[in-house]
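Grab a pencil and work through a few exercises on the protein shown here. Each one has a task and then a solution in steps.

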Amino acid sequence: MRPRGGPGGRELEPATDAERLAAVAAASRAGASAAESWCEWGDGTAINDEGVPILDRDDSLARDAIAAARLAHSSGVPLADLVSALARVEAVRESARLAVTVAMAGPRASARLLGWLPVAGLVVGAIVEPRTITVLATTQLGWALVVIAVTLMTIGRRWMAALLRTAAVAGAVP
């Protein structure tokens, strides 16, 4: 855990996976056994007889960590070296995920703004000419315009959502 909120911050932010891996590597480099090193991962991590951690998640990082532990146990390669390399890879992954989130913030905000613009236009129209609402609510042309506007808004929102989903998938980091 690390402090959050600047100097003297009291809240603790959970360590990232890269930081947890770095702690495992540091413990191993300091001479700790595999079992003692994997305790640095946190969450009460247990290991099996081969020094392989039993992680309560199934993602690429967990599979990579297990593979590194197996390789270290079977080949004699220092666990610290393997886990350090894995920590560097995970740090790059975390940075890329953050970059995608930041890059998507602008388009998401634009999509929200564009979604509300028709409503804002209707409000401005009603302020400028109060009969706007009367025409829309009481005439056939008004109803047709409302139906067309709602249809176009729905299509536009779905299209923007699809574009954002596609962009998020394209920028996803495994």
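Below are the ground rules, followed by the exercises.

This is a predicted model, so local features need pLDDT of at least 70 and side-chain atom pairs count only at pLDDT 80 or more, while totals for chains, interfaces and linings use all residues. Residues are numbered from 1 along each chain as its sequence is written, and side-chain values use heavy atoms, with hydrogens and water left out.

**Exercise 1: the overall layout**

Task: work out which elements the protein chain has, and whether the chain is spread out or a compact globule.

Solution. Start with the elements: the protein chain has six helices and four strands. Helices (H or I, at least four residues) and strands (E, at least two) are DSSP runs, numbered from the N terminus. Next, put them in order from the N terminus, which gives β-β-α-α-β-β-α-α-α-α. Then check the radius of gyration: 27 Å, well over the 16 Å from the globule rule for 174 residues, so the protein chain is more spread out than a compact globule. (That radius is taken over C-alpha atoms, and the rule is 2.2 Å times the number of residues to the power 0.38.) Finally, look at the principal axes, along which the C-alpha trace spans about 80 × 40 × 25 Å.

**Exercise 2: helix 4**

Task: compare the span of helix 4 with what its residues should give, then find where its kink lies.

Solution. Helix 4 covers residues 79–128, which is 50 residues. The expected span of a helix is 1.5 Å times one less than its number of residues. For helix 4 that should be 74 Å, and because the end C-alpha atoms are 72 Å apart, the two agree. Now for the kink: about 35 degrees at L117, shortly before the proline P118. The bend at a residue is the angle between axes fitted to the seven residues ending there and the seven starting there. Helix 4 also holds P107. At 35% relative accessibility, P107 counts as partly exposed; buried means under 20% relative accessible area, exposed over 50%, and partly exposed in between (1.4 Å probe, protein chains only).

**Exercise 3: the nonpolar core**

Task: find which residues have the most contacts inside the largest nonpolar core, and which element gives the largest share.

Solution. First, the definition: a nonpolar core is a set of buried Ala, Val, Leu, Ile, Met, Phe, Trp, Tyr and Cys residues joined through side-chain atoms within 4.5 Å. The largest one here has 18 residues, and L21, W38, W41 and V83 have the most contacts inside it. Two or more residues come from each of helix 1, helix 3 (60–75) and helix 4. Helix 3 gives the largest share, six residues. Then zoom in on W38: leaving aside neighbours within four places in sequence, its contacts (heavy atoms within 4.5 Å) include L21, I47, A69 and V83.

**Exercise 4: two polar residues in helix 1**

Task: decide whether D17 and S28 are buried or exposed, and list what they contact.

Solution. Take D17, found in helix 1. Its relative accessible area is 15%, so D17 is buried. Beyond neighbours within four places in sequence, D17 is in contact with W41, R57, L61, E90 and E94. Then take S28, which lies in helix 1 (residues 17–29). S28 counts as buried because its relative accessibility is 16%. With the same neighbours left aside, S28 is in contact with S37, L79 and A80.

**Exercise 5: distances along the chain and in space**

Task: for L71 and L82, and for G156 and A111, set the sequence separation beside the C-alpha distance.

Solution. L71 lies in helix 3 and is partly exposed at 41% relative accessibility. L71 and L82 are 11 residues apart in sequence and 8.5 Å apart in space, C-alpha to C-alpha. Not counting residues up to four places away, L71 touches G76 and L82. Next, G156 sits in helix 6 (residues 140–170) and is partly exposed, with a relative accessible area of 26%. G156 and A111 are 45 residues apart along the chain, and their C-alpha atoms are separated by 9.2 Å.
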